[in-house]
Amino acid sequence: MTQTLLSAQHITRRFGGLTAIDNVSLELKRGAVHAVIGTNGAGKSTLVSVLSGELAPNEGTIHMNQQNITDWPQPRRARAGLGRSYQRTTIFPSLTVHENCRLTAQANHQHFWSWTPTSRCLKSNEAADRALELAGLSGFGDQIAGLLSHGGKRQLEIAMSLSTHPSVLLLDEPLAGMGSEETDRMLNLLASLKSEHAILLVEHDMDAVFRISDEITVMVNGAVIAHGDPASIKANPLVQTAYLGDDE
Ligand SMILES: Nc1ncnc2c1ncn2[C@@H]1O[C@H](COP(=O)(O)OP(=O)(O)OP(=O)(O)O)[C@@H](O)[C@H]1O
């Protein structure tokens, strides 16, 4: 049975007079990739920011594992198992791949003012090792992160997220700028992470979305116009007109 790990109900977020998200509800379940698609400016990234705790909603509630986390700040949500990656790469380029993960792990479960040197923190090292293995970067720990390929950097971002032991992953355009080989590698990675995680995927690459997703929510101008499995979304006339284009 699929288990709902995160449930957002009736989320609205305004910027002045603009309603960026308009009464959006969605659920993220363990074992499922839930894609959110929509035209530019539809509100997808704002939704990710509201779920991750970077932005407060004006209305609505967010529950994670039956707890109401709507008012929790981002670090508390991260400690409760919410991980996110960003549209733009956010690694520390001059550090090694392993150090990037180790610092993320340490920031999540330790205070930066602790006197223990990061390199000696056993828990963070173990979390980094595990995250690199899960993300398929085991052999790259000693590489300088800034020298990784574009796809490798996006993989590292996911590894950094995994080093905090999340159960829910919010991924904002993880395939942006990738070639077909890198895309395949990332989709294989997401497929391998699916069984243990609930994954929200914001993505413009429609081929990839329809390949990997179990559920798709379609947004236009901040509102949800359709939700369902990939086949029903593809066949939905409203979605075809508003977003996919009649020829698809
Ligand atoms: N901090 C902000 N202040 C004011 N308006 C904002 C802010 N962030 C987003 N917006 C506006 O909210 C709307 C939704 O933006 P958002 O970035 O969430 O869309 P998106 O679907 O992620 O777009 P894209 O696919 O281009 O990334 C847009 O009109 C955007 O200009």
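Helices are DSSP runs of H or I with at least four residues, strands are DSSP runs of E with at least two, and these elements are numbered from the N terminus. The structure is a predicted model, in which local features need pLDDT of at least 70, side-chain atom pairs count only at pLDDT 80 or more, and totals for chains, interfaces and linings use all residues. Residues are numbered from 1 along each chain as its sequence is written.

**The shell around the ligand**

Helix H1 gives the most to the shell around the ligand, contributing 3 residues. The residues around the ligand, each with a C-beta atom, placed from the backbone, within 6 Å of it, are Phe15, Leu18, Ala20, Gly38, Asn40, Gly41, Ala42, Gly43, Lys44, Ser45 and Thr46. S2 and H1 are the elements that give two or more residues to this shell. By class, the shell holds 4 nonpolar, 6 polar and 1 charged residues; here Ala, Val, Leu, Ile, Met, Phe, Trp, Tyr, Cys and Pro count as nonpolar, Asp, Glu, Lys and Arg as charged, and the others, Gly among them, as polar.

**Helix H1**

Helix H1 spans residues 44-52 and is mostly covered, with 8 of its 9 residues buried. A residue is buried if 20 or more other C-beta atoms lie within 10 Å of its own, exposed if 12 or fewer, and partly exposed in between, with C-beta atoms placed from the backbone. The buried residues of H1 include Lys44 and Thr46, both of which also belong to the shell around the ligand. Just after the helix, Gly53 takes a positive phi of about 95 degrees.

**The S1-S2 hairpin**

Strands S1 (residues 4-15) and S2 (residues 18-29) run antiparallel and are joined by 8 bridges; two strands pair if DSSP finds at least two bridges between them. Phe15 stands opposite Leu18 in S2, and both residues are among those around the ligand. The hairpin has 2 residues between its strands, and Gly16 in it takes a positive phi near 60 degrees.

**Positive phi outside glycine**

Asn23 and Asn221 have positive phi values although neither is a glycine.

| Residue | Phi | Place | C-beta neighbours within 10 Å |
|---|---|---|---|
| Asn23 | about 60 degrees | strand S2 | 14 |
| Asn221 | near 50 degrees | loop between strand S9 (215-220) and strand S10 (223-228) | 15 |

Asn23 counts as partly exposed because it has 14 C-beta neighbours inside 10 Å. Asn221 is likewise partly exposed, since 15 other C-beta atoms lie within 10 Å.
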